[in-house]
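Hi,

Here is the structure I promised to pass on to you. Have a look at it first, and then read on for what turned up.

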Amino acid sequence: MRDEIFKNPLEKQFEFDKSVASVFDDMVSRSVPFYTQNLKLIVELISHFTAQNAKICDLGCSTASLLLALYEKRNDFILSGVDEASAMLEIAKNKCKAFGAKIDFYQENLDDFCFFKNDVFIATYTLQFIRPPKRQELVDKIYQNLNENGMFVLSEKILYEDVKIAKKMIQIYEQYKLDQGYSKLEIATKRQALENILIPYTQSENIAMLQKAGFSKIESVFKWINFETFVAFKLPKT
């Protein structure tokens with residue numbers, strides 16, 4: 001379905017409810033620049049850096065698009081996804097059934113999730129919705145539950161520290177959304193809906209958070225205006 005949620009005035013605070021879940025795949029593909037290409041890059045990186053039967057957990061898996069892409073790439077992967085929204089998981093499970101993919105799903109708030117050991121954790125545009133006081137604690141849990149030589153893939157909307165650059169990037173992003181068919185009213189309404197819900201960090205703040213958790217090998221592998229993807233590795237202790 002086509003995303004037309006923000007054509008009407010706001011009636012409530014933004015949440016990933018049934019109405020959002022029903023249009024999420026269209027929403028994210030039109031709202032996040034190079035979303036499909038970034039997911040393909042993530043799949044390639046994970047496939048390259050992981051051994052047979054690697055355990056992979058997608059935190060904030062939404063409708064399981066990334067998990068299914070991983071399944072199609074290598075069906076030896078042991079896949080799981082976590083999401084708080086029941087409507088998202090309902091769609092995810094139906095998609096997996098259609099593909100014949102065995103993926104375990106957990107309906108949990110990430111603050112309360114009982115983490116278990118994995119070779120890869122993924123968070124694509126997820127941490128930005130975690131309240132800043134809780135964000136470091138979550139990344140610490142991710143690091144602690146990664147197996148040795150494991151990797152964490154983090155995609156986030158980011159802020160720019162330079163005011164002039166930040167302003168220009170906002171203008172470029174708004175034009176991008178206009179080019180995707182959103183109206184100025186829809187863009188403004190969505191911005192209002194996400195205010196104080198989606199809270200991005202700067203590039204340096206994201207890197208510092210990863211380093212504080214224990215990651216020492218961190219690379220930026222994709223960036224376009226205010227969207228960036230990092231990979232961080234848990235190296236063996238010497």
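A definition to begin with: the expected span of a helix is 1.5 Å times one less than its number of residues. Please keep in mind throughout that this is a predicted model.

Helix 2 is a good place to apply that rule. This helix covers residues 35-49, and its 15 residues should span 21 Å at 1.5 Å a residue; the C-alpha atoms at its ends are 21 Å apart, so the two values agree. Buried residues in helix 2 are Y35, N38, L39, I42, V43, L45, I46 and S47. As a reminder, an α-helix has 3.6 residues a turn, so residues three or four places apart point the same way.

One residue of helix 2 deserves a closer look, namely L39. Its relative accessibility is 8%, and because buried means under 20%, L39 counts as buried. Beyond its neighbours within four places in sequence, L39 is in contact with S65 and L66. There is also a long-range pairing to look at: L39 and T229 are 190 residues apart in sequence, while their C-alpha atoms are 10.0 Å apart in space.

L66 leads on to helix 3, where the buried residues are L66, L67, L68 and L70. What covers them? The cover includes helix 2, strand 1, strand 2 (78-83), helix 4 (86-99), strand 3 (103-107) and strand 4 (118-124).

Helix 4 passes the span test too. Its 14 residues should span 20 Å at 1.5 Å a residue, and its end C-alpha atoms are 20 Å apart, which agrees. Here the buried residues are A87, M88, L89, A92, K95 and C96, and the elements covering them include helix 1 (18-31), helix 3, strand 2 and strand 3. After helix 4 comes G100, with a positive phi near 70°.

Two residues that are not glycines also have a positive phi, and I would look at both on your screen. For S62 the value is about 50°, and this serine sits in the loop between strand 1 (55-59) and helix 3 (65-73). For N196 phi is about 70°, and the loop that holds this asparagine runs between helix 7 (184-194) and strand 6 (201-202). Which of these loop residues is buried and which is exposed? S62 has a relative accessibility of 10% and counts as buried, whereas N196, at 56%, counts as exposed.

Now for the chain as a whole. The chain has eight helices and eight strands. Its radius of gyration is 18 Å, close to the 18 Å that the globule rule gives for 238 residues, so the chain is as compact as a globular protein of that length. Along the principal axes, its C-alpha atoms fill a box of roughly 50 × 45 × 30 Å.

Of the 238 residues, 50% count as buried. Among contacts between residues at least 6 apart in sequence, 73% join residues at least 24 apart. The chain exposes about 12,300 Å², and carbon and sulfur atoms supply 51% of that area. As for charges, there are 31 positive and 32 negative ones, and their mean positions are 2 Å apart.

Happy viewing, and do write back with your thoughts.

Best wishes

Notes: Residues numbered from 1 in each chain as written. Predicted model: local features only at pLDDT ≥ 70, side-chain atom pairs only at ≥ 80, totals over all residues. Heavy atoms only, no water. Helix = DSSP H or I, 4+ residues; strand = E, 2+ residues; numbered from the N terminus. Buried < 20%, exposed > 50% of the residue type's maximum accessible area, 1.4 Å probe, protein only. Rg over C-alpha atoms; globule rule 2.2 N^0.38 Å. Contact = heavy atoms within 4.5 Å. Areas by Shrake-Rupley, 256 points an atom, 1.4 Å probe, with all protein chains shown as cover. Lys, Arg positive; Asp, Glu negative; His and termini not counted. Charge placed at Lys NZ, Arg CZ, Asp CG, Glu CD.
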